[in-house]
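Student: Could you take me through the helix packing in this model, with a close look at one part? I would enjoy a connected account.

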Amino acid sequence: MTRNSHASFHDNFSDEERSILNSHFSNANSDVFAIITPKQVDRGALMSRYSRTDKTMRRIFLDEFAKNPNRGEEFYNRILLEYGDDSVAELGEAQVAIEWVSNIAAKKIEDHRIGLSYLEKSSRYVAFDQKVNGQYKYCREESIMSSSHADRYLQACDHAFDVYSKNIQSIQKFISENEPIDRLFFFDSSSKKDIPYDNLKSKKDIESARRIYNATIKAKSLDVLRGLLPASTLTNLGITGNGRAFEYLLSTMYSSNLDEVKKLADKLHIELSLVIPSFIRRANDKYGKSLQSYLANTRSAISELAQHHIKGIERNENTQSVKLLNFEDNFEAEVKIVSAILYEHAVGQSLENIIKYTKSITSEDRHNIIQTYTKFRTNRRHRPGRAFEMVEYTFEMFTNFGMFRDMHRHRILTLERQLLSTRHGYDIPVEVIDLDITKDYKDCMYKSNEVYEIISKNMPEEAQYVVNFAYRYPYFIKVNLREACHLIELRTIPQGHPDYRDICQKMFGQIKLVHPLLADGMKFVDLEKYELERLSAEKNAEKKRSDYIN
């Protein structure tokens with residue numbers, strides 16, 4: 001006799017019930033279905049209610065939601081406000097856009113890593129040389145504009161954009177002369193392989209090669225010049241996140257010392273209240289204001305203490321761009337990794353005993369286990385398992401602010417940073433030197449530094465707006481080996497910006513120095529140098545476009 005006890009568990013919906021359900025769920029008969037009911041609050045409430053009853057979700061909807069259009073709101077008001085069950089706020093999601101926001105405010109928003117995902121306008125693909133109503137697109141910060149520093153600030157920012165804008169064409173011409181198209185290889189549709197540009201015969205192939213080449217030259221040029229942009233440069237953000245994360249983001253934005261960030265909080269709060277009102281209701285009520293006071297008071301008190309204590313710290317002007325400060329003894333690191341690898345398969349054993357055993361075996365045995373753990377990786381997306389999370393590293397970084405923006409996107413690490421300043425010097429791209437526009441570049445940095453020093457005397461946070469992307473920025477990151485593998489392999493791909501490729505290559509070198517065998521698990525670190533970083537990526541993108549059209 002065939003037994004199928006599972007079949008008896010299905011709900012038996014009437015035709016009328018199925019008709020209702022089909023407007024709110026992807027199907028009314030399968031064990032697997034998507035929630036498509038239009039109200040976000042109902043989706044989240046359904047998910048939360050699901051854990052508190054023996055009913056199926058579709059039965060919950062019919063019994064408790066279908067006849068009460070306010071059921072979702074009522075549910076959240078009770079759970080969030082009466083019981084304080086914050087986790088249910090993660091069940092509501094929203095997508096928002098924040099436009100014409102400075103890079104200073106954007107980084108403050110993007111400091112919030114958990115529960116939020118970001119997309120931001122790229123300085124590699126978008127030129128910032130256009131004016132709107134006669135003005136360059138940078139933030140006129142209100143505190144600065146209402147102070148005696150306004151004219152200096154405007155002059156410094158305008159000057160930076162002037163130098164940036166006037167050199168776009170000359171940089172493109174210089175790069176194209178150094179890397180002419182006739183020295184490069186492109187895809188030939190007849191032979192199905194890359195051949196020299198001059199040997200292409202098909203008009204379509206020639207046009208494709210020109211598109212690839214022009215896009216590559218533009219990206220390279222904008223990469224070179226982005227250091228001139230001030231941190232006041234306006235950008236656009238797209239944010240996807242859950243209600244709990246948005247609520248915390250709003251509270252921290254309200255606690256900011258910057259007018260721009262606080263005003264953005266008001267605008268963001270209004271818009272989120274239209275789509276997920278129950279999830280972010282506490283962001284600025286008595287609970288939110290309590291959190292804001294805590295954040296502001298802590299920041300103020302620690303700042304006062306820090307000013308007292310840092311006077312006794314000797315200043316070091318010779319800072320390395322990357323320095324590995326904290327790491328574990330190689331033997332202990334290997335023991336941690338091997339013990340974690342074995343643990344999953346050691347049924348009946350304790351971690352304590354596995355660690356003791358791992359310490360007792362030969363180094364050859366330990367190395368064999370570690371090498372086996374990563375030897376089947378065939379591309380960087382085959383990430384090492386969680387055993388690699390057992391070992392951590394702390395790096396102090398002194399990179400330009402433009403490069404920091406790229407590193408800042410990595411969320412599974414601890415990153416702490418200082419206020420942006422001009423105190424650590426700036427980077428000059430080699431192309432700027434080779435093209436002999438160094439004087440313009442240095443003049444721009446000099447003017448920005450001069451204005452920064454004046455504003456920072458009584459407005460240190462607002463002074464950040466005038467600092468150019470080229471200025472070096474101190475921060476530290478604490479990262480486990482698994483995330484380091486992801487970060488370094490991703491940021492050394494050929495099409496990456498040369499600044500962060502160099503930094504991540506150095507990070508890899510320092511890990512390899514202290515943990516050589518563990519570093520061997522990072523199989524897809526690219527240590528080469530490239531002249532036109534975007535070329536291969538543009539070729540691949542063009543091929544995908546062509547395949548899609550055909």
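Student: How are H2 and H3 oriented to each other?

Tutor: Happy to. Please keep in mind that this is a predicted model. Helix H2 covers residues 40–50 and helix H3 covers residues 57–65. Their axes are 10 Å apart, and the two helices pack at an angle of about 115 degrees. An angle from 65 to 115 degrees counts as roughly perpendicular, and H2 and H3 are therefore roughly perpendicular to each other. The crossing of this pair is right-handed.

Now for the residues that make the contact. From H2 come Asp42, Ala45, Leu46, Met47, Arg49 and Tyr50, and they meet Met57, Ile60, Phe61, Glu64 and Phe65 of H3. Sorted by class, the contact of H2 with H3 has 8 nonpolar and 3 charged residues, with no polar ones. In soluble globular proteins, nonpolar side chains tend to be buried together.

That brings us to the nonpolar cores. The largest has 123 residues, and those with the most contacts inside it are Phe186, Phe246, Phe395, Ile488 and Met507. Another core, of 12 residues, lies apart from it, and Leu46, Ile60, Leu62 and Phe75 are among its members. Two of these names should look familiar: Leu46 of H2 and Ile60 of H3 both take part in the contact of H2 with H3.

For a second view of packing, follow Phe246 from the largest core into helix H10, where Phe246 is one of the residues that meet H11. Leaving aside residues up to four places away in sequence, Phe246 touches Ala94, Val96, Leu116, Ile239, Thr240, Gly241, Leu272, Ile276 and Ile280. Of these, Leu272 belongs to the H11 side of the contact with H10.

The axes of H10 and H11 come within 8 Å and cross at roughly 150 degrees. Angles over 145 degrees count as roughly antiparallel, and H10 and H11 are therefore roughly antiparallel to each other. Their crossing is left-handed. On the H10 side, Phe246, Leu249, Leu250, Met253 and Tyr254 meet a set of H11 residues that includes Val261, Leu264, Leu268, His269 and Leu272. The residues of this contact divide into 10 nonpolar, 1 polar and 2 charged.

His269 deserves a pause of its own. This residue lies in helix H11, which spans residues 259–275, and His269 is buried, with a relative accessible area of 14%. Apart from residues up to four places away in sequence, His269 touches Leu250, Tyr254, Ile280, Ala283 and Asn284. Tyr254 and Leu250 are both in the H10 set that meets H11.

H10 also has H12 as a partner. Helix H10 (residues 243–254) and helix H12 (residues 286–309) pack at an angle of about 55 degrees, with axes 8 Å apart. H10 and H12 are therefore oblique to each other, and the crossing is right-handed. Tyr248, Ser251, Thr252 and Tyr254 of H10 make this contact with Gly288, Leu291, Gln292 and Leu295 of H12. By class, the contact of H10 with H12 has 4 nonpolar and 4 polar residues, and no charged ones. Tyr254 thus ties the picture together, since this residue takes part in the contact with H12 and in the contact with H11.

A last stop in H12 is Ser290. Ser290 is partly exposed, with a relative accessible area of 48%.

Conventions: Residues numbered from 1 in each chain as written. Predicted model: local features only at pLDDT ≥ 70, side-chain atom pairs only at ≥ 80, totals over all residues. Heavy atoms only, no water. Axes fitted to C-alpha atoms, helices over the stretch in contact; angles between N-to-C directions. Helix = DSSP H or I, 4+ residues; strand = E, 2+ residues; numbered from the N terminus. Parallel < 35°, antiparallel > 145°, perpendicular 65-115°, else oblique. Left-handed = near helix turned anticlockwise from the far one by under 90°. Contact = heavy atoms within 4.5 Å. Nonpolar A, V, L, I, M, F, W, Y, C, P; charged D, E, K, R; others polar. Core = buried A, V, L, I, M, F, W, Y, C linked by side-chain atoms within 4.5 Å. Buried < 20%, exposed > 50% of the residue type's maximum accessible area, 1.4 Å probe, protein only.
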